[in-house]
Amino acid sequence: MTLRRGLISGARHRDHETVQRNAMRAATGLRALGLLPGDAVALLLRNDFVFFEASYAAQAAGVYAVPINWHLAPAEVEYILNDSEAKVLVVHADLLAQVRERIPDGVAVLVQQTPAEVIEAYGLDAAAATPADGATRWEDWLAGFDALETPYPQLAETMMYTSGTTGLPKGVRRAMQSAEDGAQLAAMRDIVYGIKPGIRALVAGPLYHSAPNSFGLRAARIADALVLMPRFEPKAFLDVIAQERITTTFMVPTMFVRLLKLPDEVRAAADISSLQYVMHAAAPCSSEIKRRMIEWFGPIVNEFYGGTEVGYWTLCNSDEWLAKPGTVGRAPKEVVLKALDENGNELPSGQPGVLYGKLQCYPEFTYNKRAEARREVEKDGLITIGDIGYFDADGYVFICDRAKDMVVSGGANIYPAEIEAELVHMAGVADGAVFGIPDAEFGEKLMAVVQPLPGAELSAVAVMDHLRRRIAGFKVPRVIEFRDALPRGDDGKILKRNLRAPYWEGHERNV
């Protein structure tokens, strides 16, 4: 069987040369629209070839590509368009219909037909997938320009917007880099994501998220093939691996969970023999789930810890994790990483503190139009993304919790992640979230919202007994609630703010 090269999505295929030619034509077009270095191009797109062409065009023209989560409400899309001061919006036809009235005046709109595989995956109306009469179609617009011969010498990283868990999303605007600095960062990405010539890579997560974005944009330049899934579906994921002989992919833990819920016979029949390297990140992964994935996929499951603002802070392969279950790995030589107390003092091994770090080749950043918010996350040249963790005696890092998720009850600091890790080990529990709710005596008390496995019968008393045998009594939630499903973002993370918010309505403090 002859395997296709270039970008692949369902039955469609576009070779590397065409992608590059289209990108450089688009770069000329962006300049013709009057964009100057440092300006922004917004991308409201599902996983599609045009995402890559527009992203590469922005970089060649010296402007920022701004991917927008297409699940956002029209008002939220409008906010990002205004905050980034985007001069151009590249958008799929069906999404344009939803946000048309919210696009600020003066923004040039370039429309791409929504591809058939995306229509099928999301059950869209095929009629809405075609650009309306009079719209400027991406392909027609490209045809009017020659390829840009000399790209802008400074490289602009994609400007990602944070999820907005504590307010309006913030644009992470990273400084432009020289070609030399950009090459160093690209080399680090190759190490992190297992990217090298000859691989066949798979993007199964949305490209508007930071990690799939950086993995996909880099792999599309190096890999023999980069296969796009319009959305993750576990059986289809395994089928694509077998059909396209995928060697390398990036995943998030919720994908692991969904794969492991497939019937045993489906997993046993799956041909994953081509897989050589799997990287996961973006959310905590339970020890049980990770161990089962390593047993199934083999010792090819890797993990990194980091964030949009800071890049990659630790790396961990399967052997290291099996030796130290729960670790997110060690910092490579290019990273300075410390656990600091509230006064900024470095803590010894074994003591949790707020993690601050810096990857030397990662570009400096600011939060777009929020200089004060940027200053708040820095100490002595190091940046925090709000996580609490500690180092063991061998330098391996363990994450305790998010600093903002910490619950203070009766003067005691309690980290919900520790409780959640024990909760998911209980028979009959699929997942759970622990957070603080108001308490007249202690300020806050712990509540757990538990998602049972289908058919499982659980009680609040049983959950409390399970936890009381494993953690200190003051850490056992006083309120237990059961729900068939927990609210999740597109990256699989539980939207804890959605669960917590109703309990804090009418209170002066909103945790």
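**Charge distribution, fold and local contacts of the predicted model**

The 54 positive and 66 negative charges of the chain have mean positions that lie 1 Å apart. The structure described here is a predicted model. Its secondary structure consists of 17 helices and 26 strands. For a chain of 511 residues, a compact globule would have a radius of gyration near 24 Å, and the value of 23 Å found for the chain therefore agrees with that expectation. The C-alpha trace extends over about 70 × 55 × 45 Å along its principal axes.

Of the 511 residues, 53% are buried. The accessible surface of the chain amounts to about 22200 Å², and carbon and sulfur atoms account for 49% of this area. When contacts between residues at least 6 apart in sequence are considered, 66% of them connect residues at least 24 apart.

Aromatic side chains were examined next. The whole structure contains 18 aromatic pairs. One of them is formed by Y193 and F250, with an edge-to-face geometry, a centre-to-centre distance of 6.1 Å and an angle of 80° between the planes. This pair bridges distant parts of the chain, since Y193 belongs to helix α7 (residues 179-193) and F250 to strand β11 (residues 248-251), with the two positions 57 residues apart in the numbering. Both Y193 and F250 are buried. An edge-to-face pair is also formed by W296 and F297, where the ring centres are 5.0 Å apart and the planes make an angle of 70°. W296 and F297 are both buried. Beyond the pairs, one aromatic cluster is made up of Y193, F215, F250, F304 and Y312; Y193 and F250 thus appear in the cluster as well as in the edge-to-face pair described above.

Helix α3 covers residues 74-84. Its buried residues are V77, Y79, I80, L81, D83 and S84. The elements that cover these buried residues include the strands β3 (40-44), β4 (64-67), β5 (86-92) and β7 (160-161), together with helix α4 (93-99). Helix α3 is followed by E85, which has a positive phi. The phi of E85 is about 55°, although this residue is not a glycine. E85 is located in the loop between α3 and β5, and with a relative accessibility of 45% it counts as partly exposed.

A positive phi is also found at R245, with a value of about 50°, and this residue is likewise not a glycine. R245 lies in the loop between α9 (234-244) and β11. Strand β11 is the element that holds F250 of the aromatic pair. The relative accessible area of R245 is 26%, so this residue is partly exposed.

The surroundings of helix α3 also involve N368, a residue in the loop between β17 (365-367) and α14 (371-376). N368 has a relative accessibility of 9% and therefore counts as buried, the cut-off being under 20%. The C-alpha atoms of N368 and S84 are separated by 7.3 Å, while the two residues are 284 apart along the chain. If residues up to four places away in sequence are set aside, N368 touches D83, S84, M159, Y161, G171 and R173. Among these, D83 and S84 are listed with the buried residues of α3.

F51 is part of helix α2 (residues 49-61). Its relative accessibility is 0%, so F51 counts as buried. With neighbours within four places in sequence left aside, the contacts of F51 are with L43, L45, R46, P67, L207, Y208 and N213. The last of these, N213, is 162 residues away from F51 along the chain, and the two C-alpha atoms are 9.7 Å apart.

V408 is placed in strand β22 (residues 407-409). A relative accessible area of 33% makes this residue partly exposed. Between the C-alpha atoms of V408 and F442 the distance is 8.3 Å, with 34 residues separating the two positions along the chain.

Methods. Residues numbered from 1 in each chain as written. Heavy atoms only, no water. Helix = DSSP H or I, 4+ residues; strand = E, 2+ residues; numbered from the N terminus. Rg over C-alpha atoms; globule rule 2.2 N^0.38 Å. Buried < 20%, exposed > 50% of the residue type's maximum accessible area, 1.4 Å probe, protein only. Contact = heavy atoms within 4.5 Å. Areas by Shrake-Rupley, 256 points an atom, 1.4 Å probe, with all protein chains shown as cover. Lys, Arg positive; Asp, Glu negative; His and termini not counted. Charge placed at Lys NZ, Arg CZ, Asp CG, Glu CD. Phe/Tyr/Trp six-rings, centres within 6.5 Å; stacked < 30°, edge-to-face > 60°.
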